Every structure is written in C-alpha cells, then in structure tokens.
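Student: Please give a close account of a single part of this model, namely the surroundings of the ligand, and begin with a brief word on aromatic contacts.

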Amino acid sequence: MTPLIEAARIEKKFGSYMALKSVDLAVEGGSVLALLGRNGAGKTTFVRILSTLLSPDGGRATIAGVDVARDPSTVRSLIGLAGQFAAVDDTLTGRENLELVGRLYGLRRKEARSRADEVLERLSLTDAGDALVRTYSGGMRRRLDLGASLVGRPLVLIMDEPSTGLDPRSRMELWRLIEELVEDGTTLLLTTQYLEEADRLAHRVALIDRGNMIAEGTPDELKQRVGGDVLEVRANTTSDVEKLVGVLDGVGSGRPVPDLRDQRVTLPTSERVQTLLAAARRIEDAGIAVADLSVRRPSLDDVFLNLTSAPAASEVPRSRPGEATAPRPLESWQVTG
Ligand SMILES: Nc1ncnc2c1ncn2[C@@H]1O[C@H](COP(=O)(O)OP(=O)(O)OP(=O)(O)O)[C@@H](O)[C@H]1O
Ligand SMILES: [Mg+2]
C-alpha cells in the first residue's frame with residue numbers, strides 16, 4: 001500500500017541554518033504518526049512543507065501521491081491543518097467561524113450551515129456554538145480550530161502541537177476527540193513535545209532532533225531499542241546525579257543516562273536482579289544516600305534520553321508549582337547546539 005503521506009530527503013535551510021536535514025517519513029492511511037521533538041527541532045517547518053505553506057530546498061513530499069511543491073492546490077484540498085497557534089476569528093461565534101470556512105471551501109450557504117452543525121456536534125461545542133469565540137476557554141478554542149480543519153472532510157489531518165498550553169483536563173478531552181477521529185479512519189500526523197501524547201495517540205512515532213530524524217517505529221519498538229528493562233535511581237541532589245553516573249558505569253547493559261531536571265539516573269539492563277544488586281552495592285560503597293532505586297519497563301522518555309545528548313546542569317529549568325499533573329515537555333532536556 002502506498003503511504004498517504006510520504007516525504008523523502010526533505011531539506012530546508014533558513015540562511016545558513018539547516019532546519020531539516022534529509023528527512024524521510026511515511027504515514028499509512030488510517031494511522032497516526034507523532035513527530036516528536038523539542039523546541040526548534042524542525043516540527044513546524046516540516047508541517048509547513050507538507051501543507052504547502054513553505055517549499056522545501058531539497059527532496060520530495062506527497063499527499064496521496066500528489067506532489068506538495070508541484071500541485072499545492074490539490075494538496076490543500078486533501079488536507080486539514082490545525083496549526084500551532086489557533087487561527088479562528090475572535091469576533092465571530094464558533095458557528096460563524098465554521099460556516100466561513102465552509103464557504104471558503106465553496107459550500108453553498110445551507111450546506112455550510114449544516115456542515116458547521118455537524119462539526120460543532122462532533123466537537124461537543126453545540127451549546128457554545130452561538131457564543132463569541134472571544135468568550136471561549138483555551139481548550140474550546142483549540143477544539144474549534146480542530147473543527148475548522150475538519151470542515152472540508154480532509155483525507156489527511158495535520159495537527160501541530162495540538163495540546164501544548166492546554167490544562168490537563170482540556171488535554172484529555174482533546175485526546176479523546178482525536179481518538180474518535182482516528183477510530184473513524186482519519187489519517188493523522190501530529191507533532192508534539194509530549195512523550196505521553198505520542199505514546200497514547202500514535203501508532204508510530206518519529207523522533208526529530210535538530211533537523212535530523214533520529215528514530216522511527218511503534219512506541220513498543222522504540223522502547224525495545226532501549227533493551228530490556230530500565231534501572232532508575234532517584235538522587236537527593238543534582239551533584240549526586242553526576243556522581244551516580246560514574247558509580248553506575250558498567251553495571252547495566254548500556255551507559256547510565258543522567259536526567260538533571262528530575263534528579264535521576266537511568267540505566268538499561270537485561271538482567272534486572274543482578275543489575276539492581278550490583279547498583280545497590282556500588283551506591284553503598286560510594287557512600288551516596290539515594291531517594292529511590294527501582295527497575296521498570298522503559299518509557300519513551302528513556303528512548304529520547306538514550307538517543308540524544310543530556311543537558312548541562314545550568315540549562316535545566318526548575319520545576320514550577322502545579323507542573324506535576326502536566327506531561328513533561330521535551331523542552332526540559334533542551335541542549336545547546
Ligand atoms: N522563517 C524562519 N526563518 C529563520 N529560521 C527559522 C524560520 N522558521 C524556523 N526557523 C528555525 O528553524 C528551526 C526549526 O524551527 P521549527 O519552528 O520548525 O521548530 P519546532 O520543532 O516547530 O519548534 P517548537 O516546538 O518551538 O514549535 C529553529 O531553529 C527555528 O529558529
Ligand atoms: Mg513548532
């Protein structure tokens with residue numbers, strides 16, 4: 001089967017900066033791909049190329065076999081785009097916004113109205129449909145923006161960081177909505193900085209780091225790349241994190257990975273009990289008091305930490321109150337480069 005979205009060796013330069021370096025990607029019909037990367041990784045640049053808003057400097061991308069650079073208007077008729085920043089008009093009602101989009105798609109007034117009703121219903125916005133968007137919460141606004149991208153019944157939906165900035169409850173609502181769309185067969189490419197979002201919504205995940213595609217696979221395949229289980233040591237201080245990296249070197253089946261923000265060190269292991277005992281012995285010999293020591297299944301965090309370089313202590317943002325309930329953005333590991 002030919003993928004509905006296909007990109008081969010896509011390159012984009014801004015001046016002398018290579019924002020995308022030979023990016024390859026394929027999304028099968030009816031599936032969800034999450035493009036996961038930190039701030040500045042190149043996610044929006046890639047999305048803008050796929051949605052014909054930006055032309056690539058090299059490579060080729062197609063939607064349902066149609067070349068985005070050669071036939072942008074056909075591509076636009078095939079896709080729905082919900083950009084990183086909501087594009088709805090504050091001075092209109094939700095319904096008016098959707099009707100306007102319908103009219104732009106060439107629907108007659110009556111058709112545009114019934115399509116707007118359908119979309120409002122689908123997004124659970126029927127009750128708020130006649131209120132001005134200005135009065136909407138951030139979550140409602142984001143849902144309406146998603147709705148606008150659905151008016152044209154797109155074959156392919158592209159969402160750039162759909163849940164960034166939403167509170168945990170609105171994020172959950174949006175995730176459920178996206179899952180419903182996917183159950184109905186929508187092909188979706190979404191970008192995200194949230195590992196949890198990629199893990200929950202995507203069939204396949206592509207990791208992008210400074211313009212390079214560094215890994216691609218199902219969440220399980222990516223987790224298996226870490227190999228076996230993960231030993232996790234929670235330290236009491238940031239300086240202990242650095243000491244623990246030295247102390248644990250050679251204990252597991254890979255190198256110890258420091259995570260300064262969460263004051264922990266993780267280590268891949270194929271022999272959970274031996275590794276746990278050896279780690280405990282070494283930590284005790286080194287005279288370091290730790291907060292916790294455990295072995296668990298790998299997460300996408302571990303994959304990302306393993307494939308990219310660790311941040312310097314000075315770059316680690318302090319956690320803010322109330323952050324605990326929100327997923328961790330990859331930004332936490334921002335690396336200079
Ligand atoms: N129009 C532009 N001119 C110059 N540089 C740009 C332009 N657009 C993007 N860049 C640079 O290209 C890189 C990739 O940017 P992009 O917006 O694609 O990242 P992103 O992954 O979407 O980040 P974020 O998570 O912050 O949205 C960044 O270093 C950015 O500064
Ligand atoms: Mg972006």
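Tutor: In this predicted model, the count of aromatic pairs comes to zero, the criterion being ring centres within 6.5 Å of each other. One aromatic ring nevertheless has a charged partner: Arg 171 is placed over the face of Tyr 194, and its distance from the ring centre is 4.6 Å.

The ligand itself may now be considered. Ligand 1 is surrounded by 14 residues, of which Gly 40, Lys 43, Thr 44, Thr 45 and Glu 161 come nearest. By class, the shell around ligand 1 consists of seven polar, four nonpolar and three charged residues. As for secondary structure, at least two shell residues are supplied by strand S2, which spans 17–27, and at least two by helix H1, which spans 43–50. H1 provides the largest share of this shell, with three residues.

The side-chain polar contacts give further detail. For Lys 43, an N or O atom of the side chain lies 2.7 Å from an oxygen atom of ligand 1. The side chain of Thr 44 likewise places an N or O atom 2.8 Å from a ligand 1 oxygen. In the case of Thr 45, the separation between a side-chain N or O atom and an oxygen atom of ligand 1 is 2.5 Å. Taken on its own, ligand 1 has 630 Å² of accessible area, and the protein covers 62% of that area.

Notes: Residues numbered from 1 in each chain as written. Chains lettered and ligands numbered in written order. Predicted model: local features only at pLDDT ≥ 70, side-chain atom pairs only at ≥ 80, totals over all residues. Heavy atoms only, no water. Near = heavy atom within 4 Å. Polar contact = N/O pair within 3.5 Å; in protein donor to acceptor, adjacent residues only side chain to side chain. Areas by Shrake-Rupley, 256 points an atom, 1.4 Å probe, with all protein chains shown as cover. Helix = DSSP H or I, 4+ residues; strand = E, 2+ residues; numbered from the N terminus. Nonpolar A, V, L, I, M, F, W, Y, C, P; charged D, E, K, R; others polar. Phe/Tyr/Trp six-rings, centres within 6.5 Å; stacked < 30°, edge-to-face > 60°. Lys NZ or Arg CZ within 6 Å of the ring centre and 35° of its normal.
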